[in-house]
Amino acid sequence: MSEFTIINDVSLEMRRRIFAAMNSASGVTLDFTDELTNIVLAPPQDTFGSGTLLSLYLYHVEINHSTRNQQMLSQRGSADSLRLPPLPLKLHYLATPVDDSEETNQLIIGRLLQLVYDNPSIGTIDNTPLGNSFGGAANHLRIIPDPLTVEQLSQLWNAFSQPLRLSMSFQVDVVAIDSSLAPKLAPRVVDVLSVSGVKERD
């Protein structure tokens with residue numbers, strides 16, 4: 001089941017995975033020593049405290065329209081009950097290295113790209129399997145590079161009131177939020193009318 005907390009859960013999982021990737025980078029030390037300090041879930045800015053190396057910001061949530069129009073789902077264990085299908089979402093993230101050294105920032109971006117390329121899906125969150133959200137969503141999430149145009153980047157950084165910085169955008173989908181409404185009873189078939197006969201020829 002996917003509660004409304006799934007959005008935040010995905011963000012925390014992405015932070016865990018990025019932190020682990022930075023610590024396991026081959027041939028280089030990137031000084032990621034504390035997950036909460038080194039990676040902040042906030043828009044990029046110049047006022048981060050000492051030790052912050054990466055801004056991981058969820059800047060946009062949208063409906064995944066390709067999977068939006070699903071039928072009502074049968075309630076598990078009861079063929080007479082129907083529930084609303086989950087709400088399918090795409091989560092758009094911007095990852096921005098904020099170290100004082102641009103060389104370090106480029107190393108961080110390179111490792112991020114490698115992480116997304118090598119691990120294009122998520123099957124667990126905090127070591128717990130995702131499940132299939134009452135049968136209405138996949139049991140894994142896709143991580144997809146989401147390159148922005150120069151115009152889109154300019155608009156985004158203008159919204160941050162920050163100068164353009166080296167960054168990487170990616171999306172996670174399909175993130176499903178289950179309905180909180182109770183299942184409804186499915187309409188029962190009361191009468192079945194059967195008609196048989198021979199049709200006359202013209």
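In which sense do β6 and β9 pair, and over how many bridges? Keep that in mind as you open this predicted model; the tour starts with the sheet and reaches that pair shortly.

**Stop 1: the whole sheet**

Colour the strands and follow the order β1-β2-β5-β10-β9-β6, which makes an open sheet of six strands with mixed pairing. Now pick out residues 39–40 (β1) and 121–122 (β6): these strands stand at the edges with a single partner strand each, so one side of each has no neighbour in the sheet.

**Stop 2: from the β6 edge inwards**

Select β6 together with β9, and you have the answer to the opening question: the two pair in the antiparallel sense over two bridges. To see one of the bridges, show Ile122 and its partner in β9, Leu141. Next add β10, which pairs with β9, again in the antiparallel sense, over four bridges. Here Arg142 is a good residue to click, with Asp173 as its bridge partner in β10.

**Stop 3: β2 and β5**

Move on to residues 54–63 (β2) and 87–97 (β5), an antiparallel pair joined over nine bridges. Show Tyr57 and you will find Leu94 as its bridge partner in β5.

Keep β5 on screen and bring in two helices. Helix α3, residues 102–118, packs on the sheet and touches β2, β5, β9 (141–145) and β10 (168–177). The direction of α3 makes about 155° with that of β5. Helix α4, residues 150–160, also packs on the sheet, touching β2 and β5, and its direction makes about 75° with that of β5.

**Stop 4: where α1 meets α3**

Leave α3 visible and select residues 6–23, which form helix α1. The axes of α1 and α3 come within 10 Å and cross at roughly 115°, and the crossing is right-handed. For the side chains, display Arg17, Ile18, Ala21 and Met22 in α1, then Ile108, Arg111, Leu112 and Leu115 in α3, which they meet. By class, this contact has six nonpolar residues, two charged and no polar ones.

**Stop 5: the largest pocket**

Which residues line the largest pocket? Select Gln45, Asp46, Phe48, Gly49, Thr52 and Leu53, then add Val98, Asp99, Asp100 and Arg165 to complete the lining. The pocket holds about 160 Å³ of space. Colour its lining by class and you should see four charged, three polar and three nonpolar residues.

Notes: Residues are numbered from 1 along each chain as its sequence is written. This is a predicted model: local features need pLDDT of at least 70, side-chain atom pairs count only at pLDDT 80 or more; totals for chains, interfaces and linings use all residues. Side-chain values use heavy atoms; hydrogens and water are left out. On a 1 Å grid over the protein atoms alone, a cavity is a set of points where a 1.4 Å probe fits but cannot get out, and a pocket is an open set with protein on both sides within 12 Å along at least five of seven lines; lining residues have an atom within 4 Å of a point. Grid points are joined across faces, edges and corners, and a volume is the space filled by probe spheres set on the points. Ala, Val, Leu, Ile, Met, Phe, Trp, Tyr, Cys and Pro count as nonpolar, Asp, Glu, Lys and Arg as charged, and the others, Gly among them, as polar. Two strands pair if DSSP finds at least two bridges between them. Contact means heavy atoms within 4.5 Å. Axes are lines fitted to C-alpha atoms, for helices over the stretch in contact, and angles run from 0 to 180 degrees between N-to-C directions. A crossing is left-handed if the near helix is turned anticlockwise from the far one by less than a right angle, and right-handed if clockwise.
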